[in-house]
Amino acid sequence: MADKHVVRFEPVGIEIEVDERQTVLRAAAEQGIMLMHGCKEGQCASCKSFVLDGDDIELDRYSTFALPDYEKEEGFTLLCRAHVYEDVTIELLNYDEEMIRSGLPIQQAVAEVVAIRPVTHDLRHLVLRLVEPREIKFFPGQYVDIVVPGSAASRSFSMANTSSRGSGELEFVIKVYPDGLFSHFLDARLAVGDRLELTGPFGVFTLRDSEADLVFVGGGAGMAPILSLLRSMAERGLRRRATFYYGARTRRDLCFEDELRALERTLPGFRYVPALSEPAEGDGWTGETGLITDVVKRHESDLSRAHAYLCGPPPMVEAAMPLLTALGVAGKHIYYDKFTTTGTTEVGGQTR
């Protein structure tokens with residue numbers, strides 16, 4: 001049995017015990033501490049922190065884009081890759097005091113496939129029904145890890161629904177990649193009635209209590225967590241002004257159009273603004289065109305009182321963040337998930 005060590009987080013004054021076999025991030029999640037993170041693969045730097053005391057720390061494989069060698073030498077680390085072999089004190093550089101102590105228990109579950117529906121040519125709406133346990137509590141916007149059948153690997157997917165209470169169901173919107181470890185299996189072999197193992201919930205892409213306006217910017221499978229947040233707003237009767245900018249290439253890449261238009265009628269002050277970057281001649285498109293960041297720039301001039309939620313491919317997220325900052329959104333109020341794939345070694349804001 002591996003030894004355990006105490007990890008103290010400053011400036012919040014929280015202490016946890018971490019098994020040497022666990023990463024610091026995973027141990028915190030299991031103890032209900034919601035630390036800021038993105039990919040859990042050492043790729044995005046969302047969990048980058050500074051080691052104040054202790055140096056017996058080893059890192060699993062990570063990208064030097066997320067943690068350059070010179071930063072590692074200065075004392076920075078990635079919590080999603082870090083294993084500690086002595087008591088350490090870590091300074092959190094990116095944290096949310098409102099969320100940090102509000103974590104839900106991590107659960108392992110088995111779920112049965114109820115439906116696999118194509119919602120575009122390369123997006124699938126996967127519906128699972130929990131078998132054991134019958135319910136997993138999660139916050140809208142969070143995700144679970146799903147084990148890829150026949151392998152030891154898992155991939156992370158955001159829930160599109162708001163709760164498994166009553167129905168016992170979890171909904172996902174998953175982009176299919178030709179060499180995607182899970183998504184190819186989903187498209188080629190997974191069938192109704194099959195069972196999947198999953199663990200969760202994880203993630204901090206959740207709606208903060210505030211009266212601030214909301215700007216959602218999404219693309220591709222980034223539809224899932226944003227749809228979850230919007231559905232939650234409708235269920236709770238929230239009246240915050242909100243705009244959802246969704247970028248796609250052509251009209252056939254748009255999905256959940258009817259529901260989003262219905263939410264415009266349900267949610268006071270909500271607008272859905274889709275944009276096509278490469279509209280086809282036969283699309284008959286009369287809406288917004290161009291990159292979604294350009295559309296946001298045309299529509300918005302002052303977002304100093306807004307919170308922003310970004311979810312989609314890394315180029316979109318990386319282009320949107322400085323734009324939103326320039327439009328006045330405070331950095332601490334920009335929340336994001338970014339999705340990437342590198343074929344069979346899919347990685348990203350949530351691994352696919």
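Start with the largest cavity in this predicted model: its volume is about 40 Å³. With a threshold of 30 Å³ or more, the count of cavities is 1.

To see what surrounds the largest cavity, select Leu35, Met36, Ser46, Cys47, Ser49, Leu79, Leu92 and Asn94, the residues that line it. Colour this selection by class: 5 residues of the lining are nonpolar and 3 are polar, with no charged residue.

Keep Leu92 in view and select strand E7, residues 88-92. E7 pairs with strand E1 in the parallel sense, over 4 bridges. For one position along this pairing, pick Val88 in E7, which stands opposite Val7.

Next, select E1 itself, residues 4-10, and show its side chains. Which of them are buried? The side chains alternate along the strand: His5, Val7 and Phe9 are buried and point to one face. Lys4, Val6, Arg8 and Glu10 point to the other face and are not buried. Val7, the residue opposite Val88, is thus on the buried face of E1.

Now add strand E2, residues 14-19. In what sense does E2 pair with E1, parallel or antiparallel? The pairing is antiparallel and runs over 6 bridges. One bridge to pick out joins His5 to Val18 in E2; His5 is among the buried residues of E1.

Finish at the turn. E1 and E2 form a hairpin, with 3 residues between the two strands. Select Gly13 in this turn and check its backbone: phi is positive, at about 70°.

How values were computed. Residues are numbered from 1 along each chain as its sequence is written. This is a predicted model: local features need pLDDT of at least 70, side-chain atom pairs count only at pLDDT 80 or more; totals for chains, interfaces and linings use all residues. Side-chain values use heavy atoms; hydrogens and water are left out. Buried means under 20% relative accessible area, exposed over 50%, partly exposed in between (1.4 Å probe, protein chains only). Two strands pair if DSSP finds at least two bridges between them. On a 1 Å grid over the protein atoms alone, a cavity is a set of points where a 1.4 Å probe fits but cannot get out, and a pocket is an open set with protein on both sides within 12 Å along at least five of seven lines; lining residues have an atom within 4 Å of a point. Grid points are joined across faces, edges and corners, and a volume is the space filled by probe spheres set on the points. Ala, Val, Leu, Ile, Met, Phe, Trp, Tyr, Cys and Pro count as nonpolar, Asp, Glu, Lys and Arg as charged, and the others, Gly among them, as polar.
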